[in-house]
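Here's a quick tour of a structure, one topic at a time. Have the 3D view open and click along as you read.

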Amino acid sequence: MPNDGTTIGEIAREAGVSERTIRYWYTQGLFVPPPFAGPGTRYLREHRLRILTIQKLREKGLKLPAIRRQLAAMSLDEMEALLAPPPAPRREPPPEPTYAAEPWERIVLVPGLELLVSGAGGPVLRQIAQQIVNHFGGAR
């Protein structure tokens with residue numbers, strides 16, 4: 001009994017199907033089962049890839065005859081590619097903020113505390129700035 005490979009139970013759990021379903025698939029000619037039949041049977045990489053690919057194609061809505069045809073045309077590398085998780089979306093860094101060349105007025109409220117007021121802020125912003133200056137007794 002070889003010590004490498006995977007048990008049918010392990011593959012069934014990974015594929016999200018029953019062991020009975022996997023046995024049914026090989027009776028339907030979707031893959032050739034391992035040569036040893038018994039509780040110690042080990043499924044090799046090819047078996048695992050085929051079983052997981054069958055389940056993936058079933059999830060896409062394909063019926064067993066169509067899956068059989070697709071499997072016949074697929075290499076193990078193609079199966080691995082089908083089973084690979086999609087690449088993570090590339091995240092672009094946020095754009096650097098751009099500041100328009102607009103006039104800023106610096107108002108000293110008290111030594112060490114300044115208020116910057118944008119000239120683009122309009123009269124409402126100027127009024128708020130003036131209220132702050134009046135409240136804190138700023139020096140212009």
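The largest pocket in this predicted model is lined by T7, I8, R23, Y26, P33, P34, F36, A37, G38, P39, T41 and Y43. About 190 Å³ of space lies inside that pocket. R23 is worth keeping in mind, since this lining residue also forms a salt bridge with E19.

**The pocket**

- By class, eight of the lining residues are nonpolar, three are polar and one is charged.
- The charged one is R23, because Arg counts as charged along with Asp, Glu and Lys.
- The three polar ones are T7, G38 and T41, because Gly is put in the polar class here.
- Rolling a probe the size of a water molecule over the atoms is what shows where empty space is left.

**Salt bridges**

- How many salt bridges does a search of the whole structure find? The count is seven, and three of them are picked out below.
- Side chains of opposite charge can pair when their charged atoms come close.
- R23 and E19 are one such pair, with their closest N and O atoms 3.5 Å apart. Both sit in helix 2 (residues 19-27), and because they are four residues apart, about one helical turn separates them.
- Are R23 and E19 buried or exposed? R23 is partly exposed at 36% relative accessibility, and E19 is partly exposed too, at 33%.
- R50 pairs with E46, and here the closest N and O atoms are 3.3 Å apart. This pair belongs to helix 3 (residues 45-59), where a spacing of four residues puts about one helical turn between R50 and E46.
- R50 counts as buried, because its relative accessibility of 17% is under the 20% cut-off. Its partner E46 is partly exposed, at 39%.
- E114 and R106 also meet through their side chains, in a salt bridge of 3.2 Å from N to O. E114 is partly exposed at 43% relative accessibility, whereas R106 is exposed at 55%, because that value is over the 50% cut-off.

**The hairpin**

- Strand 1 (residues 104-110) pairs with strand 2 in the antiparallel sense, over six bridges.
- Which residue of strand 2 stands opposite I107? That would be L115.
- V110 has its bridge partner in strand 2 as well, namely L113.
- Two residues lie between the strands of this hairpin, and G112 takes a positive phi near 95° there.
- In a regular strand the side chains alternate between the two faces of the sheet.

**S118 in strand 2**

- S118 lies in strand 2, which covers residues 113-118.
- S118 counts as buried, because its 10% relative accessibility is under the 20% cut-off.
- What does S118 touch, leaving aside its neighbours within four places in sequence? Its contacts are E102, P103, W104 and L125.

Key. Residues are numbered from 1 along each chain as its sequence is written. This is a predicted model: local features need pLDDT of at least 70, side-chain atom pairs count only at pLDDT 80 or more; totals for chains, interfaces and linings use all residues. Side-chain values use heavy atoms; hydrogens and water are left out. On a 1 Å grid over the protein atoms alone, a cavity is a set of points where a 1.4 Å probe fits but cannot get out, and a pocket is an open set with protein on both sides within 12 Å along at least five of seven lines; lining residues have an atom within 4 Å of a point. Grid points are joined across faces, edges and corners, and a volume is the space filled by probe spheres set on the points. A salt bridge is a side-chain nitrogen of Lys or Arg within 4 Å of a carboxyl oxygen of Asp or Glu. Buried means under 20% relative accessible area, exposed over 50%, partly exposed in between (1.4 Å probe, protein chains only). Contact means heavy atoms within 4.5 Å. Two strands pair if DSSP finds at least two bridges between them.
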